[in-house]
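Open your viewer and get ready to make a few selections. We will go from stop to stop, with a word on what to look for at each.

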Amino acid sequence: MDRSAAVIHRTKYCLDEEDLPTQWYNIQADLKTPAPPVIHPGTGQPIGPQDLMPLFPMALIQQEVSQERWIDIPERIRDILRLWRPTPLFRARRLEKAIDTPAHIYYKYEGISPAGSHKPNTAVAQAYYNKVEGVARLTTETGAGQWGSALAMACSFFDLQCKVYMVRVSYEQKPYRRSMMETWGAQVVPSPSPDTQAGRKVLAQDPSSPGSLGIAISEAVEDAARRDDTRYSLGSVLNHVLMHQTVIGLEAKKQLQQADDEADIVIGCVGGGSNFSGLSFPFAADKLLGTKAQLRLIAVEPTACPSLTKGKYVYDFGDTVGLTPLVKMHTLGHTFVPAPLHAGGLRYHGMAPLVCKLYDEGVIEAVAVPQLATFQAALQFARTEGIIPAPEAAHAVRVAIDAAFRCKEEGTQRTILFNLSGHGHFDLGAYESFLAGKLQDYDYPAEKVGEALRHLPHVSV
Ligand SMILES: Cc1ncc(COP(=O)(O)O)c(C=O)c1O
């Protein structure tokens, strides 16, 4: 094959280490109206930095409210990100061929990080800022175990102690995720746990509770709030977390330029919203500024936990027990406990406020997909492209394949870009169940959601 043909058939677009972004993109600078304020549940008034100081270091509190478009990434963070970044952008030629679609399908592969997902992009940043401000210990929650692994690794790099409250259903489904966190030095307990008041309260009502991200957040927040040497770290939802993830989209834009292509449809799965935002916000900037009005940005969630497509856009707690400030978001109700579907990282009752605002304003779209169709897509992807997706990421694969089929039916060429946010090497129990025909779809739990929505806090802003 001559050189030009090799370029035409290129499969991977890799950047040099020097191309690792030097700044994060802060979408707040480009919003037409500011994001709704975060409210103190006691006073009903917008919170100030001092309200967040027991939980977060000041640098992250400042990033949370910053209106600067670009924020410098400290060199010590970039040094660590360079262990696996820039991540490759793949053209899914074999999948395209299998579907026989005129669409171009690209995926940004975040599974090459040591922890196996996009989560270390913010874990490293959060551990760094806590270390700089003299914090000794971090607490957090984890659903699927990806976030807990990422923070455990980041804490080991900065010599911080780390305690992870792991949602019980995942703790039982994924024992090796726990071993991974312990290898990096973290302490891991199943949530709900007897270690906190929040955990004890849930256990008293339901001793066999499968747990949820909302419950685990309550436990981790309570633990951090009661110790001076400890702060809390959240793996998604918050503005600064979404911003740390924008290295994904910034790299992907450069890589698409290398490919001489331009995205028409950008897709990511949403649990709390961080990998979707990380990929899509740098593209959303073009849409917000009017240079790419037709661009479609699609957030994908499970039908069993459809906060964007079925939730209410109101103020709610970020956790189950009600320890966090109130944020305006699409929520299924903070007391809602989702079914134990295998995409543990997508079992969250709420959604990142920035994602919700963009959804409410029609800048982004959302779609919910069922578990079985998601695993069917994961299998097709694994059998063509080789990589076994994390069940969370498989939600994005499903919608990318559906979009490619639509291109085939309509005879249109579109460029589809999705985030393959992690690999599924610790999720093979789920694949085993699927292959044995034992996986089930969970219907939208209308009654449970209705009940949870009756417990929304009252806020008049
Ligand atoms: C691989 C993977 N993708 C996606 C998610 C969902 O989180 P977020 O919406 O913050 O990207 C998770 C959460 O644990 C995950 O592990």
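## Stop one: the ligand

Begin by selecting K119 together with the ligand: a polar atom in the side chain of K119 lies 3.1 Å from one of the ligand's oxygen atoms. Keep in mind as you look around that this is a predicted model.

Now add S236, where an N or O atom of the side chain is 2.5 Å from a ligand oxygen. Then pick N275; here the separation between a side-chain N or O atom and an oxygen atom of the ligand is 2.8 Å. How much of the ligand does the protein bury? On its own the ligand would expose 390 Å², and the protein buries 98% of that area.

Next, show the whole shell. There are 17 residues around the ligand, and S236, G271, G273, S274 and S421 come nearest. Colour the shell by residue class and you should find eleven polar residues, four nonpolar ones and two charged ones. If you have a cavity display, switch it on: the largest cavity is the space that the ligand takes up.

## Stop two: the open sheet

Hide the ligand and turn to the strands. Seven of them make an open sheet with mixed pairing, and you can trace the order as β1-β4-β5-β15-β10-β11-β14. Which strands stand at the edges? Select residues 12-13 for β1 and 365-369 for β14: each has a single partner strand, so one side of each is left without a neighbour in the sheet.

Stay with β1 for a moment. Its link to β4, residues 89-91, is antiparallel and consists of two bridges. To see the pairing up close, select Y13 and look across to L89 of β4, which stands opposite.

## Stop three: backbone details in the loops

From β4, step back to the loop between α4 (75-81) and that strand, where you will find P86. The peptide bond leading from R85 into P86 is cis, with omega near -10°.

A second cis peptide bond awaits at S191 to P192, this time with omega near 10°. To get there, follow β8 (187-191) towards α10 (197-205); P192 is in the loop between them.

For the last selection, choose D100, in the loop that runs between α5 (93-99) and β5 (104-109). Check its backbone torsions: D100 is not a glycine, yet its phi is positive, at about 60°.

Notes
Residues numbered from 1 in each chain as written. Predicted model: local features only at pLDDT ≥ 70, side-chain atom pairs only at ≥ 80, totals over all residues. Heavy atoms only, no water. Near = heavy atom within 4 Å. Polar contact = N/O pair within 3.5 Å; in protein donor to acceptor, adjacent residues only side chain to side chain. Areas by Shrake-Rupley, 256 points an atom, 1.4 Å probe, with all protein chains shown as cover. 1 Å grid on protein atoms, 1.4 Å probe; cavity = no way out; pocket = protein on both sides within 12 Å on 5 of 7 lines; lining within 4 Å. Sits in = over half its atoms within 2 Å of the grid points. Nonpolar A, V, L, I, M, F, W, Y, C, P; charged D, E, K, R; others polar. Pairing = 2+ DSSP bridges. Helix = DSSP H or I, 4+ residues; strand = E, 2+ residues; numbered from the N terminus.
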